[in-house]
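Colleague: I'd love a close look at one part of this model, with some of its surroundings afterwards. Could you walk me through it at an easy pace?

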Amino acid sequence: MALKNKLKLDPTYEPAIIYFNEFKEEVKKSNNFEPLTVVVERMDGFNESYTANIFKDPSKLEKNIFFADRLVKTLLWLYGGYKVTIVGNKDVYESIKKTYLEGERLFDSKFMSRIYGKPFEVVHADEVPKLVKGDSPIGKHLKGNRIGFDAGGSDMKVSAVVDGVPVFSTEVVWFPKLNSDPNYHKENIRKVIQLAVEQLPSVDALGVSSAGVYIHNEARVASLFIEVPDELFDEHITNIY
């Protein structure tokens, strides 16, 4: 299926969904297929899965591998995860394992490993593991004295709110992407939040918006602190909020 409107900057570009749909249709027409399930697991045992049919014919192995590689990459960047479980074709599993632990997907596996603080794994299973979801309820109310803080790449914004009514708001310029000293970041963040604290009789809640990946209120990967050396990141930045 060709795109109706080609991109001027990249006429050869095609969305992945076109390839995915064409692959599924070709497999279906072959009338000789088997299921393949990919499960990606992230923190606290939460996981997501996707099942699709692939060619059963060994001569189509390369097509299966190409599809599975794109599928795994898609699921990792949709949901996140440090463990990939392949349920089905073992040749496909072996290829995915080698690609992510030794080959061209090393960036993906190392990035996910850093986010979740665990070695990246690719394993094979005969059955789909139990799926665990992680939906969490939130307050859904505005009662009390609250602070909203947004750490942007060029300025910080902070607001103080009482029972849903803003009583204070300001912006402060800073240069986080140019500073490698963790103290620069900590001192400026505290200083700006304190501006809102001083406008309230007490603080019931503090909400933070900050670019990056945060798990359990910990910074795992954050472009704001890109200049901070890795050896200082865990000690000073991980728990900065």
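How do the residues of the lining of the largest pocket divide into nonpolar, polar and charged?

Modeller: Happy to! Please keep in mind that this is a predicted model. The lining of the largest pocket divides into three nonpolar residues, three polar ones and no charged ones. Its members are Val-208, Ser-209, Ser-210, Tyr-214, Asn-217 and Tyr-241. Tyrosine counts as nonpolar in this scheme, so Tyr-214 and Tyr-241 join Val-208 on that side of the split. Strand S8, which spans residues 205-210, gives the largest share of the lining, with three residues. As for the space itself, the volume of the largest pocket is about 150 Å³. If you wonder how such space is found, rolling a probe the size of a water molecule over the atoms shows where empty space is left.

Now for the surroundings, beginning with a nonpolar patch. Val-173, Phe-175 and Leu-178 make up this patch on the surface, and together they have about 350 Å² of accessible area. Phe-175 sits in the loop that runs between strand S7 (165-173) and helix H5 (182-197). With a relative accessible area of 48%, Phe-175 is partly exposed, because the exposed class begins over 50%.

Charged residues, absent from the pocket lining, turn up in the salt bridges, of which the structure holds nine. Side chains of opposite charge can pair when their charged atoms come close. One of the bridges joins Lys-63 to Glu-26 at 2.7 Å, N to O. Lys-63 belongs to helix H2 (residues 61-79) and Glu-26 to helix H1 (residues 16-30), so this pair ties together parts that are 37 residues apart in sequence. Both partners are partly exposed: Lys-63 has a relative accessible area of 37%, and Glu-26 has 31%.

Lys-157 is worth a look too. Its side chain meets Asp-155 in a salt bridge at 3.0 Å, N to O, and it also meets Asp-150 in a salt bridge at 3.9 Å, N to O. That second distance still counts because the cut-off is within 4 Å. Lys-157 is partly exposed at 33% relative accessibility, and Asp-150 is partly exposed at 25%. Asp-155, by contrast, counts as buried at 14%, because buried means under 20%.

To round off the charged groups, Arg-42, Glu-48 and Lys-133 are linked in a network of salt bridges.

How values were computed: Residues are numbered from 1 along each chain as its sequence is written. This is a predicted model: local features need pLDDT of at least 70, side-chain atom pairs count only at pLDDT 80 or more; totals for chains, interfaces and linings use all residues. Side-chain values use heavy atoms; hydrogens and water are left out. Patches are made of residues with over 30% relative accessible area and no salt bridge: like charges are joined within 9 Å, nonpolar side chains (Val, Leu, Ile, Met, Phe, Trp, Tyr) within 5 Å. Accessible areas come from the Shrake-Rupley method with a 1.4 Å probe; for residues, only the protein chains shown count as cover. Helices (H or I, at least four residues) and strands (E, at least two) are DSSP runs, numbered from the N terminus. Buried means under 20% relative accessible area, exposed over 50%, partly exposed in between (1.4 Å probe, protein chains only). On a 1 Å grid over the protein atoms alone, a cavity is a set of points where a 1.4 Å probe fits but cannot get out, and a pocket is an open set with protein on both sides within 12 Å along at least five of seven lines; lining residues have an atom within 4 Å of a point. Grid points are joined across faces, edges and corners, and a volume is the space filled by probe spheres set on the points.
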